[in-house]
Each structure stands twice: as structure tokens, then as C-alpha cells.
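Hi,

Here is the structure I promised to pass on. Have a look at it first, and my notes on what turned up are underneath.

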Amino acid sequence: MTAEFQPPAPNDKSYRITCRANDLFERHQYTDALADYTKAIQTSSHEASNEFLAMLYSNRSATNLLLKQYHDAQEDATRTMELWSSWAKGYYRLAEVLMKQGQYDNAIKYYRQASEKDPENGEISARIAKALLEKDNQSMGMSIIQLMPGRDIATERNFHKPIQNRIFEFAQVMRNIIYVVADEETKHCVLVDACWDIDGILRIVEQNGYHVVAAAVTHYHFDHVGGSPPPPYDTLPIKISGLASLLKKLPHIKAYVNPSDIAYIRQANPTIPANRLISTMSELTEVLEIGKLRIRFIPTPGHTPGSQSLLINDCRLLAGDTLLCGFCGRTDLQGGDRKVMEKTLRYTLGRLDDRIVVYPGHHYGSEWSTIGIERDKGCLGDDLVGYGTDHLHSPDDNTLSSLAVKSPSSLSVASKFGRPRSKRWS
């Protein structure tokens, strides 16, 4: 976010321009906000205090970052630090730019400097942990990019496309996270729950030099696959860009879906040919290998009949809406089942290694967690909270052994984030 605007501005004109720029930023009109921050800097440069100018440069750095103008964002962050060296924000801004450029060691360095200047700021500590996680992914030759509407995609507003503008506003409220999972050696990637802005997603894929070879779906809900939204979201005659658009634009790929959700997807997206959806419940399709990536599709029903999670290299879990960092997905929607969800949380996800990093389907306060952290919160396993004390019938040993993580050596990074526990091999 931009720095909170604080007087004293050097004059009324600077104040008005800065307030207008901040408003444009909050409304995601970043190009216009950038122009106004530049005007404010020019108007204030001879009269303003260093602190006021630092706030302007900090805000402009954040705007340039969102516009993917990384060189300009870095220069503005550096200028912020020069003008107000004791303020944590300049160091934080520079670290954010370095994160986007994949320079994780340098990003960690500047996050830590920011933390020294503002030790009570939990957001900085969280970003240090995220940088360590990204560095570990990089060391394993993988990249997991999280895309959020309103931040990374679905940001453009067009006066001539009012319906699209409404859809993008709705997308921002839904707070979905779309994933690009890439093997860095081959540059091949899988798109997970691609929705809301397929053109924007594919632009980011291209900017990173990746080639899409497959799609995957965690569950059938419209905010994850697009199509015609159900009631009460069907007040406008609209279709949301999603899986159908992706498969049409990329005729060489197919989508991996749990078979129990395929009928729901085709009902909302009747233009998708049946042969473009691959069932993940067969011996041939329960694992997808791309370069050094091994993606295992784990059935995790409860939120929907065919909800599935993606376990990548036995150490990263894309959980969809089954596990949302602090709570589970709803079971009161069509196809939801509270008892089935309990079984999934107790025995399917609850038997996984504590060090596995969890990536949720929505950003409801956190972009990631670990199995251990979620177990400590009472969201998984034997200590599951909110489902009573009557344990369900335990799955048979063959089912549990198929879900057990067999290679703990690749999980070491998570011990930096979650409290290690005894291994729960099944």
C-alpha cells in the first residue's frame, strides 16, 4: 500500500494533487496515480520537507512496482531512503522490488533493515518469511507465482467496457489466488484455477518466459473456473473469463480435474469439449510430471464433491478452498458436505508432514501457511476444532500410505516457518 498521507504539505496545490494520487491508487488507476505523484513531486521539490518528499517517492515506487516498471520503482525506493534514512518504508519498498526480480538474498537484507527500524511491524516479518520461502523454491528449480485480481491481474479499467469493469471489481472482492507453477529448467508451467482475466494471466506467463503445458482445477466453483455464475451472483447476464477461455486460446493443453466436479464445470461452461478435461483419479493421471516437478492430485472433498489439492514435490500443497490458512472452506454451498470435509481435514490433509507449505485458494489474510501451523490452529488432524469429539471411521491403511510423504529431505525450508513436530508417516 501507499504510505498514509500526512501533512504538512508545502502548499495547498501539493496537498490536493497528493490526495488525488492516493485516491487514484486506491481505485487501482495506477497510470493516472503515477502521473499525479510525479506532479506532486515536481510541485513540492523546492519547498517540502525531506519527510514529505520521501512519502511521495515511496508512494510512486509502489505505483511503479504495480505497473511492473521495476527500474523506476527501485530508483524511487532508493531516493526514499536517501531523503529519510530512519524510515523503514524506503527499505521495505526496495526489498519489494528485489523480490519481484527474484533477488531474494538482497530482498531479505533490506527487509531486515526495515525491520530494525520498525521492529513492531509484523508485515515486514511476514515478508522476510515469504522471501525465504521463494528462495527455497528457487533452489529446488521451481517457481510458484501467486496472482491476485486487483493486484496482478484484472486491474485495467476501460470506459468502453462497463461490464468487464464490474467483473474486475467483483474479482477483487472475491480475493482469489491463481497459481502459475513452473519448472525453471524447461520453463514449462501449469496454470491452477485460472480465472477472471485470462489475457492478463497469459501476459504474466509470457513476461516470465514460461510456456503453458497444462491447466489444473482445484474445484468447480465459478470463481475458480469461470463461466456463468450461479445465484445469487447471476444478477447480470455475464460470463466470467476462465477455463473455457484458456482452453480456447491454448488448444494444445488439457485441464486436470477430479471426475466428481467435471459435470459441474461443463454445466457452467458448455463450450468445453469433454476430451479437454482429464480425470485425475486414474493410475495414469493421478500424477503429472513436468521437468523436475511431480504434481500429485489428492482428492480432498468436502467443499465440493470433486475438490482436489495439488502436492508438488512432496513439499508444497495447493489446497484450493479446502484449507484457507486458519479455517476450511464452506460446506453449505451446493455439493458441500460437512462430514466429508471433516474426514478430509482429519485423515487426508491431517496425515501430511507438518513441514509442507500450504498455498490457499483465497487471500483471506495470509498467502501461505504450513501443515504444522494449521494443525496448531486446530484446522487439521486429531486436534481438529469445531467438528465435535466423535471421530469418523479412519481410512484403511492402504489409503493412508498412499497419502504419506515419503521424502522429508525436500521439506527443510518449512521448519523455518512452522514449529516442527514428530513425523506422522502412515
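Let's start with the sheet. Six strands make up an open sheet in the order β7-β8-β9-β10-β11-β12, and the pairing is mixed. At the edges sit β7 (287-290) and β12 (369-370), each of which pairs on one side only. Do keep in mind that this is a predicted model.

Walking in from the β7 edge, you come to β8 (residues 293-299), which runs antiparallel to β7 and is joined to it by four bridges. If you want a spot to zoom in on, L288 stands opposite I295 in β8. These two strands also share a salt-bridge story: the side chains of E289 and R294 meet at 3.8 Å, N to O. E289 counts as exposed because its relative accessibility is 58%, while R294, at 38%, is partly exposed.

On the other side, β8 is joined to β9 by five bridges, again antiparallel. There, I298 has S309 in β9 as its bridge partner. How much of β9 (residues 308-312) is covered? Five of its five residues are buried. Q308, L310 and I312 point one way and S309 and L311 the other way, and all are buried, so neither set of side chains counts as exposed, which would take over 50% relative accessible area.

Next comes β10 (residues 316-318), antiparallel to β9 and joined to it by three bridges. L310 has L318 in β10 as its bridge partner. The two strands form a hairpin with three residues between them, and N313 in the turn has a positive phi of about 50°.

Now for the packing. In soluble globular proteins, nonpolar side chains tend to be buried together. The largest nonpolar core here has 42 residues, and the members that touch the most others are L191, W196, L243, L246, I265 and L277. Helix α9 (residues 198-207) gives the most to this core, with five residues. Apart from it lies another core, of 26 residues, including Y256, C315, V357 and W368.

L191 is a good place to centre your view of the big one. Setting aside neighbours within four places in sequence, L191 is in contact with Y179, V180, I201, L202, V205, V212, A214, A215, A216 and L246.

On to rings, of which there are ten aromatic pairs. F170 and W196 have ring centres 5.7 Å apart and planes at 85°, so that pair is edge-to-face. F170 is in helix α8 and W196 in the loop between β3 (188-192) and α9, so the pair ties together parts that are 26 residues apart in sequence. Buried or partly exposed, for each of the two? F170 is partly exposed at 24% relative accessibility, whereas W196 is buried at 2%. F222 joins F170 and W196 in one aromatic cluster.

Y256 and F297 make a stacked pair, because their centres are 5.6 Å apart and their planes are at 5°. Y256 belongs to strand β5 (residues 255-257) and F297 to strand β8, so this pair ties together parts that are 41 residues apart in sequence. Both ends are buried: Y256 has a relative accessible area of 16%, and F297 is at 5%.

Last, the charges. The count comes to 22 salt bridges. One of them joins the side chains of R151 and E367, at 2.9 Å from N to O. Why is that pair worth a look? R151 lies in the loop between β1 (142-147) and α8 (162-174), and E367 in the loop between β11 (357-359) and β12, so the pair ties together parts that are 216 residues apart in sequence. R151 is partly exposed, with a relative accessible area of 28%, but E367 is buried at 14%. R151 and E367 also belong to a network of salt bridges that links K100, K130, E134, R151, D152 and E367.

Another salt bridge is between D199 and K249, whose closest N and O atoms are 3.0 Å apart. D199 is in helix α9 and K249 in helix α11 (residues 243-249), so this one links parts of the chain that are 50 residues apart. D199 counts as partly exposed at 40% relative accessibility, and K249 is partly exposed too, at 44%.

Cheers

Terms used:
Residues numbered from 1 in each chain as written. Predicted model: local features only at pLDDT ≥ 70, side-chain atom pairs only at ≥ 80, totals over all residues. Heavy atoms only, no water. Pairing = 2+ DSSP bridges. Buried < 20%, exposed > 50% of the residue type's maximum accessible area, 1.4 Å probe, protein only. Core = buried A, V, L, I, M, F, W, Y, C linked by side-chain atoms within 4.5 Å. Contact = heavy atoms within 4.5 Å. Salt bridge = Lys/Arg side-chain N within 4 Å of Asp/Glu carboxyl O. Phe/Tyr/Trp six-rings, centres within 6.5 Å; stacked < 30°, edge-to-face > 60°.
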